[in-house]
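Hi,

Here is the structure I promised to pass on to you. Have a look at it first, then read my notes underneath.

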Amino acid sequence: MTTTNDQLAANATCSFGPKIDIISYHSCDASFMAVHLTTKAAPDCFVEGTSMWPNEHGGFNVHVDLSDERALQAAGRTIAAAGLNKVKVTTSENDLRFDVITATQFVLAMYSDALENSGFSVALELDVPNLEAVRRNVSIITLGRVFANSPNNIYHTTELLEVYFKALEQAFTQNKGQGQLSFKIYKAGDALFDDNCVGLKTVGQSSAYEPCLGVVDYIVPGADENKVDIALVGKGIAFDTGGYDLKPSNYMQTMHTDKSGMIYMAAATILAGAMGAGKHVRCYMPCAENRISANSMVTGDIITYPNGVKVEIGNTDAEGRLILADALILASKDQPKFILDSATLTGAAKIAVGRDMCAVLSRSNKMDPQLEQAFNYTKEEYWLLPLREYHKRYIKAKRATIANTSHGDGAPGASTAAAFLSYFVDPNIKWTHIDLSNAYNKESSPYLGTGSTGSTILAIAHWLVGSQY
């Protein structure tokens with residue numbers, strides 16, 4: 001018996017992943033553990049800094065440190081780390097009242113990959129419209145987390161995109177999305193792919209599973225179908241061995257998540273649509289596997305992109321930027337007002353900023369004000385890294401325009417990767433690159449559990465809704 005993509009998609013939204021119940025505090029029963037949030041410290045009988053302790057009502061108090069902007073998210077992680085998965089949450093302090101953003105983060109903090117086959121329940125002091133908004137946010141972001149963390153042997157390239165979009169489409173409908181949603185996959189034999197996707201063909205030629213380019217369009221009713229307002233691009237390496245520059249096994253263990261940029265960007269598109277974004281958003285999803293075979297790219301190979309840029313392969317493990325280049329060229333052809341790309345692109349970004357925030361780079365060396373506002377509003381952390389013209393010297397090649405990896409003493413990996421991408425973006429279009437250093441937690445953080453984090457989905461969705469582009 002074979003399983004159809006429709007069946008897989010139904011599984012993805014119904015039983016694939018945790019069942020997360022978010023209900024009103026007034027609807028819960030005695031089976032819910034009472035948790036009270038407070039700014040008060042634990043009694044003296046506890047070790048200093050204790051964040052959770054039993055109270056006189058048979059439940060638990062959880063300390064919330066208001067000096068931390070993500071304090072309520074940290075409280076959710078504290079509760080989950082204690083093993084509680086059915087809680088009713090109260091507070092008597094106005095500073096700790098939930099809104100949609102903080103409640104969303106609180107619930108997201110309770111999730112970890114260990115809960116993918118189970119679930120949890122949370123009762124909150126919110127009215128019905130706000131509860132519905134939290135459910136919408138959590139359901140779509142969790143769907144992104146689950147697919148970003150999915151094993152490589154379940155979905156490969158085209159099937160991954162087909163199943164994921166079906167799941168997103170169902171989530172869009174369930175959350176009363178009103179715009180027009182469409183999806184198309186381009187692969188070998190399609191003119192758009194054959195004429196434009198040099199990077200995808202180069203990286204994907206080593207795998208038995210064909211590379212492809214997915215394109216999601218969200219169009220608000222009344223918008224011009226031929227005019228793209230914002231283009232999103234996400235890196236989708238379904239699995240990354242490193243190619244002939246093979247990764248050590250300890251670095252390869254999490255490479256099923258090298259598709260996170262693509263997965264998160266598509267989730268942000270759908271969430272923005274469910275929130276009522278008033279524009280035409282196009283999301284490019286280049287997807288390939290970086291494997292080893294007789295057909296693999298090798299160092300010294302030279303490929304030429306449709307915009308005339310020649311790239312020499314200096315390292316087969318710097319493959320993500322090769323497929324992003326395809327999508328950035330196509331996005332530039334759309335002439336949108338803004339191009340935003342996201343990728344788990346460099347280890348250098350993780351070393352620079354850690355895993356609790358993402359790195360942001362742009363030609364202006366400033367965070368776009370509207371994007372900054374969205375990140376600050378949703379309490380998603382980022383750090384601006386430099387992108388200077390002189391960074392291009394680190395990727396110059398003797399036999400081509402540029403190399404796909406940096407060289408020279410002190411080469412800054414995150415900045416040189418962004419410099420590479422800049423060759424494929426129309427200089428007249430606003431562009432920002434996110435190096436998604438916070439896509440995955442091998443170990444839990446103070447704010448999120450182990451596994452795929454879903455970070456940036458909420459911020460980007462709010463930017464798509466509120467920006468004037």
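In strand β13, the bridge partner of Ile302 is Glu312. That pair belongs to the antiparallel pairing of β12 with β13 (residues 310-312), which has three bridges. Strands here are DSSP runs of type E with at least two residues, helices are runs of H or I with at least four, and both are numbered from the N terminus. Two strands count as paired if DSSP finds at least two bridges between them.

Before you go on, keep in mind that this is a predicted model: local features need pLDDT of at least 70, side-chain atom pairs count only at pLDDT 80 or more, and totals for chains, interfaces and linings use all residues. Residues are numbered from 1 along each chain as its sequence is written, and side-chain values use heavy atoms, with hydrogens and water left out.

Back to the small sheet. It is open, has three strands in the order β12-β13-β17, and its pairing is mixed. β12 and β17 (402-403) are at the edges with a single partner strand each, so one side of each has no neighbour in the sheet.

Now look at Ile303, which is in β12 (residues 302-304). Is Ile303 buried or exposed? With a relative accessible area of 10%, Ile303 is buried (buried means under 20%, exposed over 50%, partly exposed in between, using a 1.4 Å probe and protein chains only). Leaving aside neighbours within four places in sequence, Ile303 is in contact with Val198, Thr202, Val309, Lys310, Val311 and Leu322; contact means heavy atoms within 4.5 Å. Val198 is 105 residues away from Ile303 along the chain, yet their C-alpha atoms are separated by 7.3 Å.

Next, the six-stranded sheet. What is the order of its strands? They run β1-β6-β5-β2-β4-β3 in an open sheet with mixed pairing. The edge strands are β1 (19-24) and β3 (52-54), each pairing on one side only. On average, neighbouring strands are turned by 25 degrees against each other, direction ignored. A bit of background: strands of a sheet pair through backbone hydrogen bonds, either parallel or antiparallel.

Here is how the strands join up:

- β5 and β6 (residues 119-124) run parallel, joined by three bridges; Val87 has Val122 of β6 as its bridge partner.
- β2 (residues 33-38) and β5 (residues 86-91) are parallel too, with five bridges, and Ala34 is partnered by Lys88 of β5.
- β2 and β4 (residues 60-63) pair in the parallel sense over four bridges, with Leu37 opposite Val62 in β4.
- β3 and β4 pair in the antiparallel sense over three bridges, and Pro54 is matched with Phe60 of β4.

β3 and β4 also form a hairpin with five residues between them, and Gly58 in the turn has a positive phi of about 90 degrees.

One residue to click on in β5 is Thr90. Thr90 is buried, with a relative accessible area of 18%. Not counting residues up to four places away in sequence, Thr90 touches Tyr25, Val35, His36, Leu37 and Glu125.

Finally, the helices. α4 (residues 128-148) and α9 (residues 260-275) pack at an angle of about 160 degrees, with their axes 9 Å apart. Axes are lines fitted to C-alpha atoms, for helices over the stretch in contact, and angles run from 0 to 180 degrees between N-to-C directions. α4 and α9 are therefore roughly antiparallel to each other (angles over 145 degrees count that way, under 35 as roughly parallel, 65 to 115 as roughly perpendicular and the rest as oblique). The residues of their contact divide into 11 nonpolar, three polar and one charged. Ala, Val, Leu, Ile, Met, Phe, Trp, Tyr, Cys and Pro count as nonpolar, Asp, Glu, Lys and Arg as charged, and the others, Gly among them, as polar.

α4 has another helix partner, α5 (residues 157-174): the two axes come within 10 Å and cross at roughly 165 degrees. This pair is therefore also roughly antiparallel. The contact is made by Ile140, Leu143, Gly144 and Phe147 of α4 and Leu160, Val163, Tyr164, Ala167, Leu168 and Ala171 of α5. Those residues divide into nine nonpolar, one polar and no charged.

Have fun exploring!
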